Amino acid sequence: MKLLKITVTLSFIAAAAACGSAPPPRPAFVIADSKSYEASIFRQNCAICHGQEANGKEIDGKIIPSLRYGDAAKKSEQEIYLQIKEGKLPMPAFKNQLTEDEIRKMVRFVRRDLQGKDD
Ligand code: HEC
């Protein structure tokens, strides 16, 4: 019983680690095709910097990161929440533009829709 638990835990960790840098296993979520509320918030508030499909962008020689892969995919739910709420220069804080509920929805959008995570 204990062994089974360890095996299950280990394969979960392996799966989670695999998600860290590799592209999500599901077909990529197309923001432009989505009619979800979150996708429209993204188009209005985030696409200008992170790109139409959140693949990142270069503005004046500065790299704006992808929200799908790389560092963004290694961030915890809490880190993503704080990044959106409080910002981190040059990214502005969104606590005055978005409601608490909208910020939470955007955290889920980044993790579930863009990164293919299950939570
Ligand atoms: C003015 C440009 C700008 C806008 C608008 C913007 N961001 Fe960002 N964002 C950035 C930059 C630049 C970074 C990298 C900051 C750093 O160096 O840590 C970043 C980082 C992030 C990260 C962490 C990614 C990582 O690789 O660590 C998340 C998550 C994120 N942004 C989400 C959003 C969301 C969601 C929105 C819309 C609500 C948004 N951003 C709007 C510029 C922007």
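Visitor: How many nonpolar, polar and charged residues does the lining of the largest pocket have?

Guide: In this predicted model, the lining of the largest pocket has 19 nonpolar, 4 polar and 4 charged residues. The space in that pocket comes to about 680 Å³. Among the 27 residues of the lining, those closest to the centre are His50, Pro65, Leu67, Gln83 and Met91.

Visitor: What makes His50 and Met91 partners of the iron atom of the ligand?

Guide: A donor must be an N, O or S atom within 2.8 Å of the metal. His50 offers NE2 and Met91 offers SD, at 2.0 to 2.1 Å, so both meet that limit and coordinate the iron atom. Histidine 50 belongs to helix H3 and methionine 91 to the loop between H5 and H6, so the pair ties together parts that are 41 residues apart in sequence.

Visitor: Why is the arrangement around the iron atom called octahedral?

Guide: Six donors count as octahedral if opposite donors are over 155 degrees apart and all others between 65 and 115. Here 6 donor atoms surround the iron atom and subtend angles of 86 to 179°, which makes the arrangement octahedral.

Visitor: How do you know whether histidine 50 is buried or exposed?

Guide: The word buried applies under 20% relative accessible area. Histidine 50 has a value of 10%, and is therefore buried.

Visitor: Why is the contact between glutamate 53 and arginine 68 called a salt bridge?

Guide: The nitrogen and the carboxyl oxygen must lie within 4 Å. For glutamate 53 and arginine 68 the N to O distance is 3.3 Å, so the contact qualifies. Glutamate 53 is in the loop between H3 and strand S1, and arginine 68 in the loop between S2 and H4, so the pair ties together parts that are 15 residues apart in sequence. Arginine 68 is buried, because its relative accessible area is 5%.

Visitor: What makes lysine 74 exposed?

Guide: Exposed means over 50% relative accessible area. Lysine 74 has 56%, and so is exposed. Its salt-bridge partner is aspartate 71, at 3.8 Å from N to O. Aspartate 71, with 58%, is likewise exposed.

Visitor: Why is glutamate 100 called partly exposed?

Guide: Partly exposed covers the range between under 20% and over 50%. Glutamate 100 has a relative accessible area of 36%, and is therefore partly exposed. Glutamate 100 also forms a salt bridge with lysine 85, with the closest N and O atoms 3.5 Å apart. Lys85, Glu100 and Arg104 are joined into one network by salt bridges that share partners.

How values were computed. Residues numbered from 1 in each chain as written. Predicted model: local features only at pLDDT ≥ 70, side-chain atom pairs only at ≥ 80, totals over all residues. Heavy atoms only, no water. 1 Å grid on protein atoms, 1.4 Å probe; cavity = no way out; pocket = protein on both sides within 12 Å on 5 of 7 lines; lining within 4 Å. Points joined across faces, edges and corners; volume = space filled by probe spheres on them. Nonpolar A, V, L, I, M, F, W, Y, C, P; charged D, E, K, R; others polar. Donors = N, O, S within 2.8 Å, 3.2 Å for Na, K, Ca; no water. Tetrahedral: all angles 85-135°; square planar, octahedral: opposite > 155°, others 65-115°. Helix = DSSP H or I, 4+ residues; strand = E, 2+ residues; numbered from the N terminus. Buried < 20%, exposed > 50% of the residue type's maximum accessible area, 1.4 Å probe, protein only. Salt bridge = Lys/Arg side-chain N within 4 Å of Asp/Glu carboxyl O.
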